Amino acid sequence: MTWLVEDRLKPYAARRAEPYLTDAIKTQVAEKYFPRYPRKQAALLPLFHRLRQEYGYIPEQAIDETADFLGIARAEVQDAVSFYEEFRLTPSGEYVISVCRSISCELCGSRAVLERIRHVFGVDPGETTADHKITVLEVECLGACEQAPCALVNEDLHGHLEPDNFVRKLQALSAARDDQGRAAAPTGRTHI
Amino acid sequence: MALVAPILLKRIPAEPAQRRLYRWADYTATGGYEGLQKACAMPPGEVIKLVVDSGLRGRGGAGFPCGTKWTFLPKDIHPRYLAVNFDESEPGTFKDRYLVEHDPHALLEGIAIAAYANRITTSYIYIRGEYHRQAGILEEAVAEAYAYGIFGRKYPGTDIVHNCYVHRGAGAYICGEETGLLESLEGKRGWPRNKPPFPAVAGAFAKPTIINNVETLACLPHIVLHGSAWFKSMGTPSSAGPKLFGLSGHVNQPGVYEEALGVKMSTLIEKYAGGVKGGKYKAAIPGGVSMGVLGTDQYHAELDFDIGKKYNVLGLGTAGVIVMNDQTDLVLALRNIVRFFAHESCGQCTPCREGTAWMHKMLNRIVDGFGRPRDFDLLMEIALSMGAMPGTTICGLADGANWAVRTFLQKFPEEFKARLKCGQVRGVELTATA
């Protein structure tokens with residue numbers, strides 16, 4: 001999470017006529033999640049997970065639409081969504097590489113892994129390669145310290161990383177043709 | 001007394017190749033849900049009494065007696081909720097993930113027992129966002145449990161239906177704090193709440209709520225089946241039962257190991273984790289980074305809930321032991337830990353938001369070779385001023401930063417002071433062997 005308000009100077013995002021919260025998503029969330037909680041607002045995290053899986057990030061317009069859908073103020077949605085690291089508000093590459101930097105991983109050489117990735121792909125943590133294939137992030141503990149150093153590639157955990165091998169794996173991913181776009185990314189996306 | 005055979009890990013073999021996921025059929029074939037069956041034949045009050053008698057203490061970090069927590073629920077106020085804390089985000093902690101990814105029904109049986117005893121309306125399993133695969137495993141297991149009537153049924157003699165849902169977090173350490181978790185469950189940012197009111201009185205959706213850790217709940221079927229005396233026969237008088245210890249860092253075989261509470265750290269490292277890797281033992285974190293550090297002379301520390309007073313650390317925490325060998329640069333290690341707190345501070349209380357960031361900046365400066373001799377006392381002063389115990393913050397996150405910094409400085413003063421002299425070499429790598 002972050003308590004810094006970033007991108008404050010960013011111009012207001014362009015609108016599109018077609019809603020991000022499609023009727024299908026709305027129905028799905030309303031049927032599955034509204035009965036689970038006494039208040040509709042509690043469906044906010046599940047809804048954003050759904051949007052994240054659909055679009056890879058949370059578009060700004062979706063925040064307005066969510067406020068209408070859940071019957072809460074836009075500020076309340078913005079307040080919540082800006083708190084959670086997994087809900088990125090800008091588009092990222094096809095593969096998001098989250099390298100753990102916490103103590104167990106650093107003790108076992110996570111810095112070397114990250115340095116190798118930076119060197120090979122020419123991006124710093126938080127940046128995306130020019131071909132929009134790879135976004136590199138540095139994250140705190142992933143809860144897999146016995147497999148240190150470890151990283152998430154989208155939603156898949158990769159452990160016992162060895163810099164050269166891992167970079168080769170990433171290069172293979174980024175070279176693979178992907179005509180179907182994001183939704184067809186060959187990683188296990190959990191649809192909940 | 002030491003452990004004779006694994007209890008919580010009885011379905012997870014030590015040999016990695018033999019480990020697999022236990023679904024409904026495998027679980028029930030190996031004695032699963034017998035504890036629930038036995039519990040349901042008892043009056044709910046008896047189950048609570050049994051758990052109180054067993055001396056089961058919370059496995060999530062604070063070590064608060066589980067049964068006592070249950071007795072705080074006000075009578076006859078419904079709905080009431082159980083929030084399962086599976087937001088395992090403390091660096092060095094991975095025991096709950098390991099348990100659930102192999103044996104998810106062990107958790108669900110524990111939930112069903114706790115729900116039965118306390119007449120819970122809805123149980124929410126709050127799982128951290130990064131556990132994508134594990135969330136899928138849990139969802140499947142919950143669906144199986146619904147299909148076989150573990151959830152979605154009325155308690156006998158009442159109109160209360162018990163439901164159980166998986167609720168996913170989205171990447172925030174603070175949501176592991178119990179009231180932060182509740183806020184996040186309600187769809188808000190995970191800012192911890194002031195207490196009182198305590199969650200048992202007004203928790204999730206302002207209703208009575210119990211919050212229990214995954215491992216705590218997984219102990220319940222065994223307590224119900226074998227009794228409180230059996231449970232107390234393991235561990236020490238004040239810390240009963242088996243415990244999952246997660247070993248990571250500089251050990252040859254990092255992993256989750258089960259032992260009775262009170263086991264010596266040296267035993268865990270040598271007998272289970274294959275010894276210290278890359279050098280001799282220098283320091284270890286007993287249970288997640290917020291607990292502080294054990295010094296070189298505390299290698300044989302007995303790991304139980306009383307460890308705090310005996311060895312000058314905050315407590316046992318989550319029992320995620322992080323071992324550091326003698327090649328480790330402890331200034332860099334502390335910087336890593338403080339950066340974690342600075343990054344994960346939710347920003348609600350000024351001493352924590354500003355204090356952790358100050359300490360991180362100071363440690364950066366020290367690592368860069370620009371430390372000043374007075375920085376030692378300054379670091380200590382900032383650290384000691386922050387936390388719920390000194391009374392300057394709402395939750396315990398800042399206490400974690402406080403204890404990490406103070407114990408590193410107290411137990412390794414020479415290593416820090418040497419770096420605060422003029423003309424220091426820049427620290428580059430955390431370990432020479434990494």
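This text walks through a predicted model of two protein chains, A and B.

Start with chain A. It has 192 residues, and buried residues make up 54% of them. Its secondary structure consists of seven helices and four strands. Read from the N terminus, the elements of chain A follow the order α-α-α-α-β-α-α-β-β-β-α. Take the contacts in chain A with a separation of 6 or more. Residues 24 or more positions apart account for 67% of these contacts. The accessible surface of chain A is about 8,700 Å². Carbon and sulfur atoms hold 51% of that surface.

One residue of chain A shows what exposure looks like. A:Ala14 sits in the segment before helix H1, which covers residues 23-32 of chain A. Its relative accessible area is 71%. The cut-off for exposed is over 50%, so A:Ala14 counts as exposed. A:Val81 is 67 residues away from A:Ala14 in sequence. In space, the two C-alpha atoms are 19 Å apart.

Now turn to chain B. Chain B has 434 residues, and 64% of them count as buried. It holds 17 helices and 11 strands. Its C-alpha trace spans about 75 × 45 × 35 Å along the principal axes. How does its radius of gyration agree with that of a compact globule? A compact globule of 434 residues would have a radius of gyration near 22 Å. Chain B has 22 Å, so the two agree.

Contacts tell of the fold of chain B as well. Among those between residues at least 6 apart in sequence, 69% join residues at least 24 apart. The accessible surface of chain B comes to about 15,200 Å², with 55% belonging to carbon and sulfur atoms. Chain B carries 47 positive and 42 negative side chains. The centres of these two sets lie 2 Å apart.

Next, look inside. In soluble globular proteins, nonpolar side chains tend to be buried together. Here the largest nonpolar core has 85 residues. Those with the most contacts inside this core are A:Leu51, A:Tyr84, B:Phe341, B:Met359, B:Phe408 and B:Phe416. Helix H13 of chain B, residues 330-344, gives the most to this core, with nine residues. A second, separate core has 62 residues, including B:Cys66, B:Val142, B:Ala145 and B:Val256.

B:Phe408 gives a closer view of the largest core. Beyond its neighbours within four places in sequence, B:Phe408 is in contact with B:Val293, B:Met324, B:Leu330, B:Ala333, B:Leu334, B:Ile337, B:Pro413 and B:Phe416.

Two serines of chain B remain. Which of the residues in contact with B:Ser184 belong to chain A? They are A:Leu45 and A:Tyr84. B:Ser184 also touches B:Tyr126, B:His167, B:Cys175 and B:Gly190, with neighbours within four places in sequence left aside. A:Tyr84 is a residue named above for its contacts inside the largest core. B:Ser184 lies in helix H8, residues 178-185 of chain B. Its relative accessibility is 0%, so B:Ser184 counts as buried.

B:Ser233 is placed in a loop of chain B. Helix H10 (228-232) and strand E6 (242-249) flank this loop. At a relative accessible area of 33%, B:Ser233 is partly exposed. B:Pro390 is 157 residues from B:Ser233 along the chain. Their C-alpha atoms are separated by 36 Å.

Key: Residues are numbered from 1 along each chain as its sequence is written. Chains are lettered from A and ligands numbered from 1 in the order in which they are written. This is a predicted model: local features need pLDDT of at least 70, side-chain atom pairs count only at pLDDT 80 or more; totals for chains, interfaces and linings use all residues. Side-chain values use heavy atoms; hydrogens and water are left out. A nonpolar core is a set of buried Ala, Val, Leu, Ile, Met, Phe, Trp, Tyr and Cys residues joined through side-chain atoms within 4.5 Å. Buried means under 20% relative accessible area, exposed over 50%, partly exposed in between (1.4 Å probe, protein chains only). Contact means heavy atoms within 4.5 Å. The radius of gyration is taken over C-alpha atoms; the globule rule is 2.2 Å times the number of residues to the power 0.38. Accessible areas come from the Shrake-Rupley method with a 1.4 Å probe; for residues, only the protein chains shown count as cover. Lys and Arg count as positive and Asp and Glu as negative; His and the chain ends are not counted. The place of a charge is taken as NZ of Lys, CZ of Arg, CG of Asp or CD of Glu.
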